[in-house]
Amino acid sequence: MAHDLVEFDTQKAHSARMYDYYLGGKDNFAADREAASTVMEVFPETAQAARANREFVHRAARFAARNGIRQFLDIGTGIPTEPNLHNAVQAVDPRCRVVYVDNDPLVLAHARALMFGSAEGRTDFVPADIRDPHVILESETLREVLDLSQPVALNLAAILHFVTDEEGAYDIVRTYMDAFAPGSHLAVTHGSSDLNPEVFEKIVGVYARAGMTVALRDKAAVTRFFDGLDLVEPGVVPMHRWRPNPDFYIPEERLAWADTAFGVWCGVGVKP
Ligand SMILES: C[S@@+](CC[C@H](N)C(=O)[O-])C[C@H]1O[C@@H](n2cnc3c(N)ncnc32)[C@H](O)[C@@H]1O
């Protein structure tokens, strides 16, 4: 049976609204701000790390678009923040089509109101849980917008650490990639258990106290998500090191600091 969507409850902190707060958004409530502020106390670079994560999402999506991909599936979209993924890829080609998926009804309400794509392309939304790949892959909306005989770029940014091994995280990702044509991309960002273990353990504790399970993974465990795919250079690296561009540039002498300060792995793989 498919998972229920998250219940809309402003008394309980939720990851989408906490992330919105990190990014300076206004779509959050007192419980979200309280939990997010506690994270920011133990991890003062949270806001910068969230922005670095968004920058990677755009670089990886533009990379796929420049590789000729015109279809995108973004699961765990988050509350809209300009630019959104469709803005990044439709700037490369306005015909790009994007399906957004999230299990938070607030994200979907905002997404419906805010995310208008180009006239030539298309953006649409599926309210669903990443752990239900068949529901998402067989949804009428996805099938209308995406042609699965052509390559798709799957974006899983800052979401897989909410899916545990016991819930089948690796099989779930494989199910999506198996459904896609050769040439499809997988882009991942993932909170690390090994770049800044002391601080990230504390963050896991804050989320746990707010009722959310976070499953951090080390570099080897994040790399496993790309099994069967060709990892694009430079491989699995701290997210600010993946093909940096002048929009998001960290000087050489600050790179090692940022590895620990942001504590997030990323990578892109291509289905052979
Ligand atoms: C930290 S935000 C990341 C947003 C965006 N992907 C980014 O990287 O900028 C995580 C998002 O994943 C969504 N999410 C968490 N668990 C999910 C699940 N099981 N199924 C679908 N979405 C989920 C949350 O609602 C939230 O919007």
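This is a short walk through one predicted model, from its overall build to the ligand shell, the core and a few backbone details.

I'll start with the whole chain. The protein has 11 helices and 8 strands. Along the principal axes, its C-alpha atoms fill a box of roughly 45 × 45 × 35 Å. What radius of gyration does the protein have, and what would a compact globule of 272 residues have? The protein has 17 Å, and a compact globule of that length would have a value near 19 Å, so the two agree. Of the 272 residues, 47% are buried. On contacts, take the pairs at least 6 apart in sequence: 76% of them join residues at least 24 apart.

Next, the ligand. There are 20 residues around the ligand, and those that come nearest are Ala 16, Gly 76, Gly 78, Asp 104 and Ala 157. Which elements give two or more residues to that shell? They are α1, residues 15-22, and α3, residues 46-66. Sorted by class, the shell holds 9 nonpolar, 6 polar and 5 charged residues.

Let me take those two helices in turn. Helix α1 has 8 residues, and 7 of them are buried, so α1 is largely enclosed by the rest of the structure. The buried ones are Ser 15, Ala 16, Arg 17, Met 18, Tyr 19, Asp 20 and Tyr 21. Ala 16, then, is on that buried list and is also one of the residues that come nearest to the ligand. After α1 comes Gly 24, with a positive phi near 85 degrees.

Now α3. What span should its 21 residues have, and how far apart are its ends? At 1.5 Å a residue the expected span is 30 Å, and the end C-alpha atoms are 30 Å apart, so the helix agrees with the expectation. This helix, too, is followed by a glycine with positive phi: Gly 68, near 100 degrees. Within α3 sits Glu 55. Is Glu 55 buried or partly exposed? It has 18 C-beta neighbours inside 10 Å; since buried needs 20 or more, Glu 55 counts as partly exposed. From Glu 55 to His 185 the C-alpha distance is 17 Å, with their positions 130 residues apart in sequence.

On to the core. In soluble globular proteins, nonpolar side chains tend to be buried together. Here the largest nonpolar core has 78 residues, and the members touching the most others are Ala 61, Phe 72, Val 89, Val 99, Ala 153, Leu 156 and Val 188. Its largest share, 9 residues, is supplied by α3. Val 89 shows some of the packing: leaving out residues up to four places away in sequence, Val 89 touches Ala 61, Arg 62, Ala 65, Phe 72, Cys 96 and Val 98.

Now the loop between β1, residues 71-75, and α4, residues 85-92, which holds Thr 81. Thr 81 has 18 other C-beta atoms within 10 Å, which makes it partly exposed. Beyond its neighbours within four places in sequence, Thr 81 is in contact with Leu 23, Gly 25 and Arg 54. Phe 29 is 52 residues from Thr 81 in sequence, and the two C-alpha atoms are 17 Å apart. The loop between β1 and α4 also holds Pro 83, and the peptide bond leading to Pro 83 from Glu 82 is cis, with omega near -10 degrees.

That brings me to the backbone exceptions. Most residues other than glycine have a negative phi, and most peptide bonds are trans. A further cis bond runs from Glu 233 to Pro 234, with omega near 10 degrees. Pro 234 lies in the loop between β6, residues 230-231, and β7, residues 237-238.

As for phi, Ala 158 is not a glycine, yet its phi is positive, about 50 degrees. Ala 158 belongs to the loop between β4, residues 153-157, and α8, residues 169-179, and counts as buried because it has 23 C-beta neighbours inside 10 Å. Arg 243 also has a positive phi, near 40 degrees. Its loop runs between β7 and α11, residues 255-262. With 14 C-beta neighbours inside 10 Å, Arg 243 counts as partly exposed.

That is the end of the walk-through.

Note on methods: Residues are numbered from 1 along each chain as its sequence is written. This is a predicted model: local features need pLDDT of at least 70, side-chain atom pairs count only at pLDDT 80 or more; totals for chains, interfaces and linings use all residues. A residue is near a molecule or strand if its C-beta atom, placed from the backbone, lies within 6 Å of it. Helices (H or I, at least four residues) and strands (E, at least two) are DSSP runs, numbered from the N terminus. Ala, Val, Leu, Ile, Met, Phe, Trp, Tyr, Cys and Pro count as nonpolar, Asp, Glu, Lys and Arg as charged, and the others, Gly among them, as polar. The radius of gyration is taken over C-alpha atoms; the globule rule is 2.2 Å times the number of residues to the power 0.38. A residue is buried if 20 or more other C-beta atoms lie within 10 Å of its own, exposed if 12 or fewer, and partly exposed in between; C-beta atoms are placed from the backbone. Two residues are in contact if their C-beta atoms, placed from the backbone, lie within 7 Å. The expected span of a helix is 1.5 Å times one less than its number of residues. A nonpolar core is a set of buried Ala, Val, Leu, Ile, Met, Phe, Trp, Tyr and Cys residues joined through C-beta atoms within 7 Å.
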